[in-house]
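Reader: I've got a new model open and I'd like to learn how to read it residue by residue. Can we start with exposure and go on from there?

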Amino acid sequence: MKRPFSLILSLVICLFAFPSVQAESKKEAGKRYVIIHADDAGMSHSVNLGTIEGMKKGVVSSASIMVPCPWFKEFADFAKNNPKLDYGIHLTLNSEWKNYRWGPVASRDQVPSLIDQENYLWDNVGQVMQHVNVKDAEKELRAQIERAKKFGVPLSHLDTHMGAVVSRPDLLEMYVNLGIEYQLPVLFVANLDPKKYGLIAEKGKELKVVLEKNGLPVLDDLVQFYGEPDYDKRKNTYLETLRSLKPGVTQIIIHCGIHNQELQNITNSSSRRDGDRRVFTDPKVMKEIDDLGIEVITWKQFHDMAREKVAAAE
């Protein structure tokens with residue numbers, strides 16, 4: 001999988017332990033909640049098929065859609081026709097595959113800092129950090145949200161493809177402000193070590209307070225991993241993650257797909273995406289979650305918890 005690993009891993013690690021009291025009004029003492037969340041819907045037909053299977057036949061409780069991607073419309077149609085399920089926007093500022101790329105939703109002349117020499121979105125997060133103007137980014141992300149709404153997608157939250165939207169303080173603030181404007185929860189980085197993350201950590205503390213005041217929830221924990229291609233080892237890692245969940249609300253990020261020629265032609269992560277689909281449609285895994293007393297929830301439910309807390313404080 002083509003990713004700038006040093007940067008992405010640091011962004012992922014910073015999402016692993018940030019405490020919140022957002023859901024206290026509804027939590028039982030020691031209760032464990034999990035959002036099992038599939039990224040990258042709309043990326044390709046095989047990703048759409050895998051994600052839909054996970055949501056319809058498994059325990060995938062939420063998914064987020066890459067609006068600029070070629071297969072957006074197929075998944076948008078599914079979302080429109082299945083409004084009780086949970087969908088977010090996977091806000092996208094980069095296009096990372098070698099021969100399968102996409103440009104912005106907004107007109108290119110309106111967002112010139114977002115595109116590379118080939119007229120696609122920048123390849124990686126480092127390039128986004130270096131080149132993207134926050135005003136252009138806001139135009140593009142707003143265009144992605146509005147396009148999803150135009151196609152009838154019932155939205156529950158916003159998150160960020162490869163962490164690009166949380167890679168600079170100005171982008172992070174813009175992202176939070178979009179969530180507040182649209183009254184949609186955002187996947188948020190907070191309580192970072194200032195020695196390690198500098199200005200991002202400082203801005204995160206400030207924006208966490210803003211989110212709480214606006215009744216938008218903050219996760220207690222977030223987990224994702226990419227590396228293990230072996231299915232059984234991958235399944236066991238997820239099971240160990242579930243068994244070791246801490247009280248509160250955790251999101252597990254997965255990437256679903258079908259290991260077919262289309263997905264293999266796009267990415268070397270095809271087998272891992274297929275593995276994620278298989279794990280979270282496995283009846284034994286679903287039974288394990290139930291036996292552990294873990295409640296699988298959606299972002300809509302998580303948002304309701306936060307609103308209940310605000311209402312109780314008034």
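Author: Sure. This is a predicted model, and E228 is a good place to begin. Exposure is read from relative accessible area: over 50% counts as exposed and under 20% as buried. E228 comes out at 25%, so it is partly exposed.

Reader: Where is E228 found?

Author: In the loop that runs between strand 5 (221-223) and helix 8 (231-243).

Reader: And which residues does E228 touch, not counting those up to four places away in sequence?

Author: K233, R234 and R272. Closer along the chain, a polar atom of the E228 side chain sits 2.9 Å from the backbone nitrogen of D230. For sequence versus space, try E228 and G275: they are 47 residues apart in sequence, with 9.7 Å from C-alpha to C-alpha.

Reader: Now H157: buried or exposed?

Author: Buried, because its relative accessible area is 0% and the cut-off for buried is under 20%. H157 belongs to strand 4 (residues 155-160).

Reader: What polar contacts does the H157 side chain make?

Author: One goes to the side chain of H37, at 3.0 Å. Another reaches the side chain of S156, at 2.8 Å. Beyond its neighbours within four places in sequence, H157 has contacts including D86, Y87, L184 and W299.

Reader: Last one, the largest nonpolar core: which residues touch the most other members?

Author: M43, L158, Y175 and I254, out of 90 residues. Helix 6 (residues 169-182) gives the most to this core, with eight residues. As for I254, the residues it touches include H37, V60, Y238 and F280.

Definitions and conventions
Residues are numbered from 1 along each chain as its sequence is written. This is a predicted model: local features need pLDDT of at least 70, side-chain atom pairs count only at pLDDT 80 or more; totals for chains, interfaces and linings use all residues. Side-chain values use heavy atoms; hydrogens and water are left out. Helices (H or I, at least four residues) and strands (E, at least two) are DSSP runs, numbered from the N terminus. Buried means under 20% relative accessible area, exposed over 50%, partly exposed in between (1.4 Å probe, protein chains only). A polar contact is a pair of N or O atoms within 3.5 Å; within protein, one must be able to donate a hydrogen and the other to accept it, and residues adjacent in sequence count only if both atoms are side-chain atoms. Contact means heavy atoms within 4.5 Å. A nonpolar core is a set of buried Ala, Val, Leu, Ile, Met, Phe, Trp, Tyr and Cys residues joined through side-chain atoms within 4.5 Å.
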